[in-house]
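Student: Please take one part of this structure and go through it closely. I would like the strand and its surroundings first, then how the helices pack.

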Amino acid sequence: MFENLSKKISQSIRDIIGSGRLTEKNIKDTLNTVKISLLEGDVALSVVHDFINTVKEGIVGKNINKHLTPGQELIKIMHASLVKIMGKGSHDLNLHTQTPSPILMVGLQGSGKTTTVGKLAKYLKNKKHKKILVASTDIYRPAGIQQLKALISSEDINFFTDYNVGSKPIDIAKTAIGASKSLSYDVLLIDTAGCLDTDYTLLSELYEIHNAINPAETLFVIDSMIGQAAINNINVFNKTLPLTGVILTKLDGDSRGGVALSIKYLTGTPIKFIGTGEKIDELEPFNSYRIAGRILGMGDILSLIEDIENKVKWSKEKKYIDKNNIDFNLCDFLDYIKQIRNMGGINKIISKLPSNLGIKLNDIQPHPHNNTVAHIEAIINSMTIKERLNPDIIKGSRKKRIANGSGVHIQDVNKLLTKFSHIRITIQKINKNEVFQVMRTLKNKILSKLTIS
């Protein structure tokens with residue numbers, strides 16, 4: 001997410017920090033680089049101009065905070081400026097005005113709306129502990145209703161099907177509202193048919209549904225890959241429906257992601273969630289402080305904390321991050337691979353760490369070349385307990401025995417041991433930088449006030 005944008009901006013910031021002081025020239029050069037990076041990242045021109053002007057006003061002629069270096073002061077001002085254009089902090093769903101709280105989901109065809117409905121249902125059930133009912137009024141797309149039902153079936157979320165074949169979308173919505181009230185649901189999620197902003201018949205239908213159910217939230221789902229065209233789409237829908245929020249999908253793909261910086265500034269509608277992958281649990285609340293941190297190469301430590309807490313068995317992970325523990329062995333290595341997989345892969349973890357740690361993906365990628373996890377497990381299982389606990393003793397004859405026992409070549413054993421050595425060194429590097437110690441110490445502070453001190 002924002003990888004290319006972050007890489008270019010982070011490099012320009014590192015250059016100015018390395019210079020030791022701020023001058024008119026290096027400020028101008030840095031802001032020019034940032035300006036070009038933002039435009040290439042698909043940020044709207046008017047947004048880029050206002051952002052650059054805000055940064056200039058914040059840095060030129062101002063006294064530098066005595067606790068910060070000039071470079072750090074620039075980062076602070078850029079961070080605050082990014083937060084300003086994206087809208088401060090996060091925007092929670094309004095689920096307290098009525099019970100049940102209807103949430104109407106609208107969007108363009110192919111935006112990932114139906115999948116997002118399933119993701120939001122799981123999020124509200126698991127994170128907010130709400131009793132959820134999901135309904136679909138998408139009677140036009142073949143198997144559209146069945147797709148949503150199948151998506152949530154494994155999540156123990158109820159799907160509304162008590163309506164007659166041939167029912168109109170507005171009738172389905174009204175009936176679902178009645179059922180959610182009588183069965184004491186907390187939230188009713190209503191999926192709708194994908195609608196082009198030029199399809200006035202469907203837009204009129206959405207307007208009727210909205211008036212009939214009076215939703216607590218009307219969320220517009222938009223594909224980040226369409227870039228600045230999203231701004232026009234949101235504005236068109238906003239004229240028909242009073243949108244309360246946007247869910248931006250496919251930010252994990254090849255999109256440049258700059259539209260995330262433009263939406264709130266140009267439409268007035270806040271981004272409430274972002275889709276970070278295809279899996280049903282890959283939806284996260286949008287938080288401008290965190291996104292600004294990622295773009296500036298500061299990482300997103302809070303999201304990483306949450307991933308560790310939600311997807312990793314802490315008793316095992318704690319061993320890896322204990323500064324005083326240096327006996328990371330091959331048994332731990334197997335656990336490491338499984339935990340990494342649970343957290344969405346090493347790429348996602350690295351993307352949330354500050355870029356200045358000097359941690360390279362190739363150093364900690366768990367798969368040695370084409371070996372699968374099964375091959376790694378077979379190799380490690382062919383070792384004695386002594387060898388697993390002390391890999392340094394694995395030499396010539398031991399390597400041959402392990403290769404024969406696991407059905408691989410000696411070169412495969414060598415590759416595994418080399419990769420293990422790189423990972424052990426990287427863990428020591430992380431410990432040296434006290435990344436996780438800082439994470440644990442500052443977590444409550446970050447939760448209470450997401451800003452730069």
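Tutor: What follows is a close look at one strand, then a loop residue, then two helix pairs. The model is predicted.

Start with the setting. The chain has 21 helices and eight strands. Of its 453 residues, 50% are buried. The chain exposes about 21,900 Å², and carbon and sulfur atoms supply 50% of that area. Take the contacts between residues at least 6 apart in sequence: 73% of them join residues at least 24 apart.

Now the strand. Strand 5 covers residues 217-223. Thr-218 lies in this strand, and so does Asp-223.

Is Thr-218 buried or exposed? Thr-218 counts as buried because its relative accessibility is 1%, and the cut-off for buried is under 20%. Its side chain makes a polar contact of 3.3 Å with the side chain of His-210. His-210 also appears in the contact list of Thr-218, which leaves aside neighbours within four places in sequence. Leu-104 and Val-106 are in that list too. The list further holds a run from Leu-241 through Pro-242, Leu-243 and Thr-244 to Gly-245.

Move along to Asp-223. Asp-223 has a relative accessible area of 10%, so this residue is buried as well. What does its side chain reach? The side chain of Asp-223 comes to 2.8 Å from the backbone nitrogen of Met-225. Beyond four places in sequence, Asp-223 is in contact with Gly-110, Ser-111, Thr-249 and Lys-250. One further distance places Asp-223 in the fold. Ile-274 is 51 residues away along the chain, and the two C-alpha atoms are separated by 10.0 Å.

Next, the loop residue. His-91 sits in the loop between helix 4 (70-86) and strand 1 (101-107). His-91 counts as partly exposed because its relative accessibility is 23%. Buried would need under 20%. Not counting residues up to four places away in sequence, His-91 touches Pro-270, Ile-271, Lys-272 and Phe-286. Asn-287 is 196 residues from His-91 in sequence, yet the C-alpha to C-alpha distance is 7.8 Å.

Then the helix pairs. Two packed helices are described by the angle between their axes and the distance between those axes.

Take helix 2 (residues 24-40) and helix 3 (residues 45-59). They pack at about 155°, with axes 10 Å apart. That angle is why helix 2 is roughly antiparallel to helix 3. Their crossing is right-handed. Which residues meet here? Helix 2 brings Ile-27, Leu-31, Val-34, Lys-35, Leu-38 and Leu-39. Helix 3 answers with Leu-45, Val-48, His-49, Phe-51, Ile-52, Val-55, Lys-56 and Ile-59.

Turn to helix 7 (residues 169-182) and helix 8 (residues 200-213). Their angle is about 20°, and the axes are 9 Å apart. Helix 7 is therefore roughly parallel to helix 8. This crossing is right-handed. From helix 7 come Pro-169, Ile-170, Ala-173, Lys-174 and Ile-177. They meet Glu-205, Glu-208, Ile-209, Ala-212 and Ile-213 in helix 8.

Definitions and conventions:
Residues numbered from 1 in each chain as written. Predicted model: local features only at pLDDT ≥ 70, side-chain atom pairs only at ≥ 80, totals over all residues. Heavy atoms only, no water. Helix = DSSP H or I, 4+ residues; strand = E, 2+ residues; numbered from the N terminus. Buried < 20%, exposed > 50% of the residue type's maximum accessible area, 1.4 Å probe, protein only. Contact = heavy atoms within 4.5 Å. Polar contact = N/O pair within 3.5 Å; in protein donor to acceptor, adjacent residues only side chain to side chain. Areas by Shrake-Rupley, 256 points an atom, 1.4 Å probe, with all protein chains shown as cover. Axes fitted to C-alpha atoms, helices over the stretch in contact; angles between N-to-C directions. Parallel < 35°, antiparallel > 145°, perpendicular 65-115°, else oblique. Left-handed = near helix turned anticlockwise from the far one by under 90°.
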